[in-house]
There are 2 protein chains.
Amino acid sequence: MLNPQIVNRLRSIVGEKYYRDDMESLVSHSYDGTPMLQALPDGVIYPDSTQQVADIMKVLSEAQIPLVTRGSGSNLCGGTVPIQGGVVMVMHRMNRIIEVDLENLTATVQTGLITAEFTAHIESLGLFYPPDPSSMRISTIGGNIAECSGGLRGLKYGTTKDYVIGLEAVMVNGSILRTGGKLMKDVAGYDLTKLLVGSEGTLAVITEATLKLIPPPKAKKTMLAMFRDLYGAARTVSNIIESKIIPATLEFLDNPTIQVVDDFAKLGLPRDMEAILLIEQDGDPETVERDIERIREICILEKADRIEVAANREEAEKLLTARRSAFTALARLRPTTILEDATVPRSKIADMVLRINEIATKHRVTIATFGHAGDGNLHPTATTDARDKEEIHRVELAFEEIFEAAIELGGTITGEHGVGIVKAPYLEWKVGAAGMEVMRGIKAVFDPHNILNPSKMFAKETKKRVVIQHG
Amino acid sequence: MLNPQIVNRLRSIVGEKYYRDDMESLVSHSYDGTPMLQALPDGVIYPDSTQQVADIMKVLSEAQIPLVTRGSGSNLCGGTVPIQGGVVMVMHRMNRIIEVDLENLTATVQTGLITAEFTAHIESLGLFYPPDPSSMRISTIGGNIAECSGGLRGLKYGTTKDYVIGLEAVMVNGSILRTGGKLMKDVAGYDLTKLLVGSEGTLAVITEATLKLIPPPKAKKTMLAMFRDLYGAARTVSNIIESKIIPATLEFLDNPTIQVVDDFAKLGLPRDMEAILLIEQDGDPETVERDIERIREICILEKADRIEVAANREEAEKLLTARRSAFTALARLRPTTILEDATVPRSKIADMVLRINEIATKHRVTIATFGHAGDGNLHPTATTDARDKEEIHRVELAFEEIFEAAIELGGTITGEHGVGIVKAPYLEWKVGAAGMEVMRGIKAVFDPHNILNPSKMFAKETKKRVVIQHG
């Protein structure tokens with residue numbers, strides 16, 4: 001519990017009902033989308049304006065009370081678990097679309113806005129905001145910015161970072177930082193906008209964002225291609241790109257995922273396939289037709305066993321179901337589902353999937369893999385049971401080896417989910433000692449007393465790298 | 001001159017002939033593309049490998065000798081003038097294309113590589129690296145990265161930053177930092193890649209870069225549209241974008257520029273026009289045809305006086321000459337040419353051009369304006385004489401008011417040329433006190449003793465903001 005004087009000051013900023021410390025509020029903000037992590041905050045606060053955030057920040061800074069800023073807490077890295085207690089600041093009341101500027105193709109929004117509400121509004125104006133994390137129906141723009149969320153369209157359109165061109169953020173001392181603007185080019189000093197995107201709430205509280213919009217594609221086409229040979233699927237991915245086609249979506253399901261998805265969604269998928277690719281192209285109608293035809297030829301060349309091209313949006317939605325239901329289907333199998341996102345250069349996807357399978361067998365754990373093949377961003381997903389300590393230990397060992405394998409193949413420990421608590425002990429594997437030193441230095445510049453989302457990104461100890469026996 | 005022991009150590013790293021301190025070498029590295037700035041270094045060094053850079057860095061760090069890293073010195077912000085003496089490190093020997101990876105669509109290069117040599121090689125492989133700063137025939141990839149260079153294709157394709165996905169950099173203590181990789185997605189920690197892009201040699205020495213490549217457009221079409229009414233031209237720009245067309249190029253010349261260009265290149269341009277737009281679209285042939293036709297309709301709607309669409313590449317080259325020769329034509333007029341790059345939201349271009357003209361008249365200086373209309377990135381260019389102190393003073397006052405006007409209109413002091421020495425006194429106008437504090441903090445994390453390109457980006461004193469009398 002916080003000192004009552006502090007609580008009074010916080011209540012006087014936001015009003016009585018917007019600071020809560022009843023057990024229900026504390027418990028419901030003690031966890032996020034990440035399994036097996038929980039910690040009670042001391043209080044939960046709901047600001048309504050940037051000024052309130054600044055005033056709150058001053059109070060917390062003065063008393064050195066930790067602050068965890070959160071949207072809907074849908075992240076998968078423990079990024080919003082208040083591991084050191086303190087105050088959880090929920091941004092949902094700051095959910096206004098401040099402006100959509102049609103001349104400059106920008107939108108300025110408060111960061112508590114739900115992503116899907118934003119994209120629906122943007123689409124109603126005939127425009128397009130591409131980032132589409134799976135969580136978008138509940139996640140907030142601020143959460144997407146904090147984690148630099150990706151999604152199914154990353155390959156062609158990039159991720160959240162590519163659309164954030166200006167920010168308003170409250171610094172730990174309560175001052176307000178404004179970066180960028182409605183500007184397609186701005187080289188006035190270091191790029192603080194891109195530094196804040198993906199900073200996971202550890203540097204400042206992001207209160208407003210100016211986002212770049214683009215014209216929507218005029219047409220879209222969807223297809224599935226199924227392969228008995230994993231390398232055939234992987235070669236198809238590389239071949240498409242080498243043929244100078246960048247599909248809007250290029251997703252992958254491995255055999256364990258196919259089986260589970262088919263059990264769940266009864267799609268009549270061929271259960272003996274080693275891989276399914278879900279491919280979408282969008283753009284001008286002629287381009288889409290031509291690209292999809294060329295992709296079909298490549299799939300045939302690489303011995304796809306079955307190819308289905310959707311004739312219309314309804315059929316497309318059916319094909320998309322296979323990919324969309326992957327997580328839900330896997331989550332039904334066992335009490336605990338742990339979704340990771342090791343990422344490799346796209347040319348290494350098949351190698352990575354085989355390594356994952358090898359590692360899963362070695363540690364006797366069940367791991368199914370699906371994900372964004374075009375980006376090399378895979379989601380190996382373990383189905384397990386948090387109550388079985390021994391099995392969980394084996395799952396952890398397996399994921400450690402998976403991170404190591406990703407790094408060995410020129411990849412990274414996280415492509416779109418963030419570091420948070422879960423991957424903090426492995427960050428140095430990717431960024432090295434020099435990277436850690438610089439990142440810790442940057443953290444200290446923004447937050448010298450370590451009160452902004454403490455314990456995230458930076459672990460007390462880096463895990464020793466495992467020596468993998470493989471081959 | 002440096003202490004002879006230091007010189008010996010430097011010579012033992014690179015070999016006798018690659019450290020020079022004869023007057024010719026010193027003088028030829030005492031200036032860059034920026035007028036009216038010169039300072040002699042103590043020595044010039046030409047490393048051949050990352051390891052040599054690291055070894056040099058250790059020697060200079062130990063003795064706290066300033067280091068200015070440079071490519072060809074084509075920047076326009078005084079970014080490579082060795083204002084505090086020390087060593088200029090020329091990267092030209094580190095010019096290897098290490099790898100072009102066709103499966104992952106990436107290229108890895110040493111940073112001393114000339115940009116145009118790189119793009120020629122990439123194009124010979126049937127691929128596309130879009131950043132095209134005007135300096136590209138002499139500038140280096142490393143210089144482009146240090147300044148986050150833009151170019152004519154920025155509107156549709158973005159700038160250098162959008163194509164840098166991995167870096168190798170030597171830190172001030174000689175350790176080697178590796179960021180990113182051949183990865184389209186990577187959220188492992190703060191985005192140090194984007195932080196180093198545009199850092200103007202003040203944070204680390206960038207030795208290698210992994211660059212994203214894309215498939216080239218299949219077709220391209222070029223047109224000129226000429227307007228008697230400046231607002232007609234400006235509305236055309238906004239109208240094109242609002243019609244959901246993002247042209248590859250959307251360039252602007254004002255009346256003074258048109259006159260000078262026509263004197264120089266004898267293109268038969270109508271000299272009474274207030275503005276010319278140069279517009280290019282690329283992509284699939286059907287899309288290009290459709291977009292150019294729609295753009296033509298918009299130009300007619302906005303009362304363009306004359307529209308020329310190139311029938312083939314030869315005609316296109318002729319139309320492009322008008323824009324390409326702008327700087328050269330202006331540079332012939334008077335002994336000194338000062339090119340600025342104040343940038344505003346694209347909806348504010350006409351307002352900004354009128355403000356520039358008003359300011360030029362007030363201070364009795366000659367300023368012609370051209371630039372990237374689609375980006376709102378204008379290049380107001382003063383033709384003057386560095387020997388005329390009184391006139392130069394008036395030019396400086398005029399540019400100060402131009403920066404102030406850009407900020408007032410929601411813009412920035414520099415869109416693509418960088419801060420360097422020239423704009424350092426104005427940086428706070430754009431980024432505010434909070435921004436300056438954070439940027440100084442970041443600088444200190446990377447370079448605690450301020451030996452990497454000292455006096456750049458951070459001025460001793462911020463200029464007082466001018467109060468503009470206008471309207």
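Between chain A and chain B of this predicted model, the count of residue pairs in polar contact, with both residues at pLDDT 80 or more, comes to 34. If we ask which elements of chain A give two or more residues to the side that touches chain B, they are β8 (176–180), α7 (192–196), α8 (230–242), α10 (285–301) and α15 (427–446). The largest share of that side comes from α15(A), which contributes twelve residues. Sorted by class, the side of chain A that touches chain B holds 34 nonpolar, 27 polar and 20 charged residues.

Charged pairs also cross this interface, where the rule finds twelve salt bridges between chain A and chain B. One of them joins the side chains of B:D186 and A:K430, with a distance of 3.7 Å from N to O.

Let me turn to the extent of the interface. The size of an interface is often given as the accessible area lost when the parts come together. For chain A and chain B that buried area is about 6,300 Å², and carbon and sulfur atoms give 61% of it. Which three residues supply more of the area that chain A buries against chain B than any other three? They are A:K185, A:V187 and A:Y190, and what they supply amounts to 16% of that area. In terms of residues, the contact takes 81 from chain A and 81 from chain B.

I would now like to look inside chain B, beginning with helix α14, which covers residues 389–408. This helix has 20 residues and reaches 29 Å from its first C-alpha to its last, which is close to the 28 Å expected at 1.5 Å a residue. As for its surroundings, α14(B) is mostly covered, with 14 of its 20 residues buried. After α14(B) comes B:G410, a residue whose phi is positive, near 85°.

The last item is a single residue, B:T115, which is found in helix α4 of chain B, residues 115–124. Is B:T115 buried or exposed? It counts as buried, because its relative accessibility is 0%, and the cut-off for that class is under 20%. Leaving aside neighbours within four places in sequence, B:T115 is in contact with B:M136, B:S139, B:T140, B:I141 and B:N144. With B:N144, the side chain of B:T115 also makes a polar contact, side chain to side chain, at 2.7 Å.

Key
Residues numbered from 1 in each chain as written. Chains lettered and ligands numbered in written order. Predicted model: local features only at pLDDT ≥ 70, side-chain atom pairs only at ≥ 80, totals over all residues. Heavy atoms only, no water. Contact = heavy atoms within 4.5 Å. Buried area = accessible area lost by both parts, 1.4 Å probe. Salt bridge = Lys/Arg side-chain N within 4 Å of Asp/Glu carboxyl O. Polar contact = N/O pair within 3.5 Å; in protein donor to acceptor, adjacent residues only side chain to side chain. Helix = DSSP H or I, 4+ residues; strand = E, 2+ residues; numbered from the N terminus. Nonpolar A, V, L, I, M, F, W, Y, C, P; charged D, E, K, R; others polar. Expected span 1.5 Å × (residues − 1). Buried < 20%, exposed > 50% of the residue type's maximum accessible area, 1.4 Å probe, protein only.
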